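Hi,

Here's the structure I said I'd pass along. Have a look at it first, and my notes are underneath.

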Amino acid sequence: MAGHDLSSDGNGNGTLKFTQDWFSHNIPTWTKLLSSLRGKRSVHALEIGVFEGRSTCWLLENVLTGDGATVDCIDTFAGAMEHDKLDLSSLQACFESNVAAWRDRVNVHVGMSAAILPTLSGPYDLLYIDGSHTARDVLVDIVLAWRLAADDAILIFDDYAWPMYPDQPWFQPKLAVDSFLACFAGWYEVLHVGYQVAIRKSAQFSSPANAAKKTLATSASGREVCAFSSFGGQEITYKIEIPQKREFR
Ligand SMILES: C[S@@+](CC[C@H](N)C(=O)[O-])C[C@H]1O[C@@H](n2cnc3c(N)ncnc32)[C@H](O)[C@@H]1O
């Protein structure tokens, strides 16, 4: 796989090799979202879809730094339909090489997420869903991952505002994320809605009855999303503008 060296691994062990960057734009948000987990002992993370390990390495370097912290990584290392132009023949080797400096904290599960998730027991404090992007697969990933999430775990769903396949919502994560959020309303707090969506799993159900109509209602323009959180009995409404067009990275 042709590539270029982009950063140090933070441990003085040379450089990491990536050919794609689908992650760096999330760093400011992740830094804030995950500040409570940073350096904590025995934090367990789950990542569905790791590719070359860019998000994994960032987590290992910046969040999973406490004693006993681990990350379980699931990937087929075969790419997805949007990767059909990429040479992925050495994808797994590239991932392994990038995480080598932290190998004792990384568990790699090679295969389809829908097959692997039921074999895991968790509980995880942080779950990042970034595998297949079809709505059907994303919905299955989120529901199976939810079962593995600890109370108060943070779940991050990538590519909520993915611009690919604009006329085929069944090929986009958004349909799955909205469906999940509607069905599980009352069981989570919305932490962030933007290009990604982040939620915190609630320890207790808090009735969303009054706010149900507002849950992720999309405006007529299709660009404004309204989400609500009913965490701890407090209802908070978030309104965000989704950029009309976003470069596919
Ligand atoms: C967008 S990439 C992940 C990018 C990575 N999180 C990052 O930030 O660099 C999606 C990954 O999901 C994997 N994938 C796609 N469908 C999958 C499935 N059903 N099960 C497991 N992995 C899958 C692909 O092989 C690919 O490596």
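Below is what I found, going through some helices and then one loop residue.

One thing up front: this is a predicted model, so please read everything here in that light.

Let's start with α2, which is mostly covered, with seven of its nine residues buried. The buried ones are Arg 54, Ser 55, Thr 56, Cys 57, Trp 58, Leu 59 and Leu 60. What sits over them? The cover includes the helices α1 (27-33) and α3, along with the strands β2, β3 (44-48), β4 (70-75) and β6 (124-129).

On to α3, which spans residues 91-98 and has Leu 91, Cys 94, Phe 95 and Asn 98 buried. These four cover an arc of only 100° around the axis, so they end up on the same side of α3. Among the elements covering the buried residues of α3 are β2 (15-18) and α2 (54-62).

Next, the helix pair I'd pull up in your viewer: α5 (residues 135-146) and α6 (residues 173-183). Their axes come within 7 Å and cross at roughly 40°. That angle makes α5 and α6 oblique to each other, and α5 passes α6 in a right-handed crossing. Which residues make the contact? From α5 there are Ala 135, Val 138, Leu 139, Ile 142 and Val 143, and from α6 there are Pro 173, Leu 175, Ala 176, Val 177, Ser 179 and Phe 180. By type, the residues of this contact split into 10 nonpolar, one polar and no charged.

Staying with α6, the buried residues there are Pro 173, Lys 174, Ala 176, Val 177, Asp 178, Phe 180 and Leu 181. So α6 does have charged side chains on its buried list, namely Lys 174 and Asp 178. Besides α5, the cover over the buried residues of α6 includes β7 (149-157) and β9 (197-201).

Last, a loop residue. Ala 80 lies in the loop between β4 and α3. Is Ala 80 buried or exposed? Neither quite: it has 15 C-beta neighbours inside 10 Å and therefore counts as partly exposed. Leaving aside residues up to four places away in sequence, Ala 80 touches Ser 132 and His 133. His 133 is 53 residues from Ala 80 along the chain, and the C-alpha atoms of the two are separated by 7.9 Å.

That's my set of notes. Shout if anything is unclear.

Cheers

Definitions and conventions: Residues numbered from 1 in each chain as written. Predicted model: local features only at pLDDT ≥ 70, side-chain atom pairs only at ≥ 80, totals over all residues. Buried ≥ 20, exposed ≤ 12 C-beta atoms within 10 Å, placed from the backbone. Helix = DSSP H or I, 4+ residues; strand = E, 2+ residues; numbered from the N terminus. Arc of directions from axis to C-beta. Contact = placed C-beta atoms within 7 Å. Axes fitted to C-alpha atoms, helices over the stretch in contact; angles between N-to-C directions. Parallel < 35°, antiparallel > 145°, perpendicular 65-115°, else oblique. Left-handed = near helix turned anticlockwise from the far one by under 90°.
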